[in-house]
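Welcome to this tour! Open your viewer, get ready to select residues by number, and follow along one stop at a time.

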Amino acid sequence: MNNMALWEKLSKTDPAHTKTFKRAGGFSGTAVKPIYTVQRMTEEFGACGVGWGITEPSFQIVPGDNKEVLVYCTVGVWTNLSGPSQTIYGVGGDKIVTHIRENPQKGTRERWENDDEAFKKAFTDAVGNAMKYLGMSADVHMGLFDDSKYVTARKQ
């Protein structure tokens, strides 16, 4: 039995289904498009709800600094290898209410922003984080997409 067989099947990511991102503070990286991970799970296990599935999400709303409001989601993913009784959990989060500081250089004023997609983003993040334990897009999460030679080879 090869304990790494599933990991090896799911770990390599098609670069066409990734995008680069940059966050405040200069942090940048590569993100995997969430629908790609759903496609890969379906290819490997069958239809969602039959060969693999997602448990009912649990959301927690938490007050943050500066009166910001955060949402965290915990969800489980199961596969036909283990069934719904043996789930792999993931946690995701986002900001529901964000404080935007004034930035005269960019011409922005201080304000508060509400995100009506925050729960969906937290859920998507949690599902993706659970899938990581199966090896989903491990090459991205292990930093291999920082190597242009690796990405070029994956494109070919």
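Which residue in β5 is the bridge partner of Gly53? Select Gly53 and look across to β5: the partner is Trp78. Keep in mind as you explore that this is a predicted model.

**Stop 1: the strands beside β5**

Now colour strand β3, residues 52–54, together with β5. These two pair in the antiparallel sense, over 3 bridges. Next, add strand β4, residues 58–63, which pairs with β5 in the antiparallel sense over 6 bridges. To see one spot in that pairing, pick Ile61 and find Val71 in β5 standing opposite.

Follow the chain from β4 to β5 and you trace a hairpin with 5 residues between the strands. Click on Asn66 in the turn, where phi is positive, about 55°.

Then bring in β6, which is antiparallel to β5 and joined to β5 by 9 bridges. Select Val75 and look for its bridge partner in β6, Gly90.

**Stop 2: Val77 and the core**

Is β5 mostly covered or mostly open? Mostly covered, with 8 of its 11 residues buried. Select Val77 and show what surrounds this residue: among the residues Val77 touches are Met41, Trp52, Ile88, Val127 and Ala130.

Val77 also belongs to the largest nonpolar core, a group of 19 residues. Along with Met41, Trp52 and Met131, Val77 is one of those with the most contacts inside this core. Colour the elements that give two or more residues to the core: α1 (5–11), α2 (34–45), β5 (69–79), β6 (88–100) and α3 (118–132). The largest share, 6 residues, comes from α3. As a general pattern, nonpolar side chains in soluble globular proteins tend to be buried together.

**Stop 3: helix α2**

Select α2 and draw a line from its first C-alpha to its last: this helix of 12 residues reaches 17 Å, close to the 16 Å expected. Show the side chains of Tyr36, Thr37, Arg40, Met41 and Phe45, which are buried. Turn the view to look down the axis of α2: the buried residues fall within an arc of 145°, so they line one face of the helix. The cover over these buried residues includes α1, β2 (28–32), β3, β5 and α3.

Now rotate to the face turned away from the buried side, where you will find the exposed residues Ile35 and Glu43. For a last click, choose Gly46, just after α2, with a positive phi of about 105°.

Conventions
Residues are numbered from 1 along each chain as its sequence is written. This is a predicted model: local features need pLDDT of at least 70, side-chain atom pairs count only at pLDDT 80 or more; totals for chains, interfaces and linings use all residues. Side-chain values use heavy atoms; hydrogens and water are left out. A nonpolar core is a set of buried Ala, Val, Leu, Ile, Met, Phe, Trp, Tyr and Cys residues joined through side-chain atoms within 4.5 Å. Buried means under 20% relative accessible area, exposed over 50%, partly exposed in between (1.4 Å probe, protein chains only). Helices (H or I, at least four residues) and strands (E, at least two) are DSSP runs, numbered from the N terminus. Contact means heavy atoms within 4.5 Å. Two strands pair if DSSP finds at least two bridges between them. The expected span of a helix is 1.5 Å times one less than its number of residues. The arc is that of the directions from the helix axis to the C-beta atoms. Lists of a residue's contacts leave out its neighbours within four places in sequence.
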